Structures are given as C-alpha cells and as structure tokens.
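I opened this notebook page to keep a record of what I looked up, in the order in which I looked it up. The entries go from the whole chain to single side chains.

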Amino acid sequence: RLLPALRRRCGIAGKRLSGTGLAFEGRVLRGLLYAYHSRLLRHRPFLALQQVEQCLKRLWKMNLVGCIETLAGLIPKKNTSQAHAECLVPSQPVLETVALKVLGGCKLVLRLLDCCCKAFLLSIKHLCSEEFILLNTVASGLLSRLWFVIQYRCVLQSLVSLYSTLSASLHLVSETQQMPYIKGFDFPSDISNFLGVHVSSEVKKQKARMLTAKKPASWLKKFFPAMPETASEVGKKGSLVTCKSSVRNCNIPRPMDIGQPVL
C-alpha cells in the first residue's frame with residue numbers, strides 16, 4: 001500500500017525541486033556576484049549573498065532530483081490487487097541512500113531559507129543607510145523572490161512528506177530482509193527532531209522578520225517626490241473635456257527632421 005504513495009511523493013518532490021524558479025534565481029544570483037566581486041569583497045550583504053549562493057550550489061551538486069527520480073523508476077507502476085501477491089520493491093540500500101540524501105536536502109533547504117532571511121535583513125539595513133543603493137535594491141528583491149519561490153512551491157514541505165513515507169517503507173523492507181548499507185547512523189522516525197525546529201513555525205517566524213524590516217523610505221522620497229494635491233472631481237472632468245476638444249481641433253504638423261547628420 002505504501003508503494004503508490006511513495007511514487008507520488010517522489011514525483012511531487014522532484015517537480016518542485018526541478019522547477020524553473022530556483023534555477024532562474026540561482027543564475028541571477030551568480031551573475032550579480034560576478035558583477036560586484038571585485039568591488040564589494042568586504043561588504044556584509046555581499047558576503048551574505050555568497051552564503052546563499054553556496055547553499056544553492058551544494059543543493060544542486062548533491063543531485064537530489066536525480067536520486068529521487070531513480071527511486072521512482074524502481075517502483076512498479078501496476079498495483080497488484082491480490083492479498084499475498086509478490087512484487088518488486090526497492091532494496092534497503094537504495095531506500096537508505098535516498099533517505100539520507102533527503103535528510104541532507106532538508107537541512108540544506110532550511111539553511112538556505114535562513115541565509116536568505118539574514119541577507120535580506122542586511123540588505124534592507126544598508127539600504128536604509130544609503131550604502132550601495134543599486135546593489136542592495138537588486139539583492140533585496142532577488143532574495144525575497146528566492147525565499148518566496150521555496151515557500152510558495154513548498155519545497156521543504158514536500159521533502160519532509162517524502163521522508164515520512166520513505167521511513168515507513170524502509171522499516172517494512174528492513175523487517176522483510178535485513179540488508180543494512182549505512183551503518184553507525186540511526187534514521188530518525190520524526191524529522192522535526194532531526195532538523196531541530198518545526199518547519200511551519202520556523203517559516204512563519206522568518207516571514208514575520210522579513211515583513212517587519214524597516215523600509216528605506218527616506219531616500220526614496222528624494223528620488224520620487226510627492227505628487228501635488230489632486231483637484232476635485234469636477235475640475236478633473238472639466239480639464240479632461242477641454243483637453244479632448246483641444247486635441248480634436250488642433251492641427252498636428254508633420255514631424256520634421258531637425259537633427260544634424262553624424263559623420
């Protein structure tokens with residue numbers, strides 16, 4: 001009964017990890033770090049951006065998506081309806097390897113969310129101090145989008161759900177035939193104890209920290225001054241009618257070339 005659920009969890013986790021959002025934001029982050037590498041080596045938001053990029057690089061290098069897809073390919077697609085029918089299941093070494101990678105992936109994604117939150121708060125802090133306005137503006141938008149992509153696509157939640165099904169399947173397979181592959185490590189039954197935090201509460205805490213950050217409104221007012229007071233609705237309508245009538249009555253001349261040729 002666990003095989004269809006395990007195959008479905010593998011498909012969901014693989015799709016959410018291999019989405020275009022994470023890859024796109026990672027490429028933008030690498031381009032930003034490359035552009036500012038020689039100028040901002042000791043800048044604190046820049047160092048925090050490097051930590052975010054390092055977490056993303058480690059997440060891709062561990063090939064978690066390929067490992068999950070390999071496990072999904074080993075699960076038979078046809079479900080047997082007989083009570084005592086035999087079917088091929090992934091072996092204990094395969095399940096242990098994937099479970100260990102999923103645990104590491106959960107740790108990495110949780111660390112990535114924490115680094116995004118810290119780097120975002122640092123960028124906002126230096127933006128309020130009017131330091132490196134262009135870099136910190138781009139960095140804050142990039143980090144908020146990256147954090148939102150991970151949260152909106154429920155990447156961490158899908159990995160946690162996959163591990164719970166993996167743990168149950170691993171327990172049944174190890175009872176059927178003992179073939180331990182990873183020795184000296186006890187796979188936790190509850191992933192929250194292994195991560196050290198509750199996933200949903202930690203994400204909500206980070207979201208509250210990012211939303212309550214001080215907004216850099218002082219320097220924005222210098223670049224975008226306040227609009228003058230608006231007129232009444234009657235004045236708006238009258239000016240709109242006058243403008244329309246003047247546009248209809250005026251004869252617009254043909255555009256003339258008044259520029260000088262460039263040799």
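The entries below cover the fold, the core, the salt bridges and one glutamate.

**Entry 1, overall make-up.** I note at the outset that this is a predicted model. I began with the secondary structure and found eleven helices and zero strands in the chain, so that, in the sense of the assignment used here, every element read from the N terminus on is an α. I then looked up burial and found that, of the 263 residues in the chain, 37% are buried. The accessible surface comes to about 17,300 Å², and carbon and sulfur atoms hold 59% of that area. For the contacts with a sequence separation of 6 or more, I found that 85% are between residues 24 or more positions apart.

**Entry 2, the nonpolar core.** Which residues have the most contacts inside the largest nonpolar core? I found Val52, Ile68, Val102, Cys106, Leu159, Leu162 and Leu166 listed for this core, which has 62 residues. Two or more residues come from each of α1 (2-17), α2, α3, α4 (64-74), α5, α6, α7 (155-176) and α8 (191-195), and α5 gives the most, with 17 residues. I then followed valine 102 and, leaving aside its neighbours within four places in sequence, found it in contact with Leu64, Leu159, Leu162, Tyr163 and Leu166.

**Entry 3, a salt bridge between helices.** I counted four salt bridges in the structure, and I took the pair of arginine 145 and glutamate 25 as my starting point, where the closest N and O atoms are 3.1 Å apart. This pair links distant parts of the chain, since arginine 145 lies in helix α6 (residues 133-152) and glutamate 25 in helix α2 (residues 20-35), 120 residues apart. Are the two partners buried or exposed? Glutamate 25 is buried, with a relative accessible area of 6%, whereas arginine 145 is partly exposed at 39%.

**Entry 4, a network within one helix.** I next looked at aspartate 114, which forms a salt bridge with arginine 111, with 3.7 Å between the closest N and O atoms. Aspartate 114 also meets lysine 118 in a salt bridge, at 3.3 Å from N to O. Why are these partners about one helical turn from aspartate 114? Arginine 111 is separated from it by about one turn because the two are three residues apart in helix α5 (residues 92-128), and lysine 118 likewise because it is four residues from aspartate 114 in helix α5. Salt bridges that share partners thus join Arg111, Asp114 and Lys118 into one network. On accessibility, I noted that aspartate 114 counts as buried because its value of 17% is under 20%, while arginine 111 at 38% and lysine 118 at 42% are partly exposed.

**Entry 5, glutamate 53.** Is glutamate 53, which lies in helix α3 (residues 44-61), buried or exposed? Its relative accessibility is 14%, so I entered glutamate 53 as buried. Not counting residues up to four places away in sequence, I found that glutamate 53 touches Leu29, Arg30 and Leu33.

Key:
Residues numbered from 1 in each chain as written. Predicted model: local features only at pLDDT ≥ 70, side-chain atom pairs only at ≥ 80, totals over all residues. Heavy atoms only, no water. Buried < 20%, exposed > 50% of the residue type's maximum accessible area, 1.4 Å probe, protein only. Contact = heavy atoms within 4.5 Å. Areas by Shrake-Rupley, 256 points an atom, 1.4 Å probe, with all protein chains shown as cover. Salt bridge = Lys/Arg side-chain N within 4 Å of Asp/Glu carboxyl O. Core = buried A, V, L, I, M, F, W, Y, C linked by side-chain atoms within 4.5 Å.
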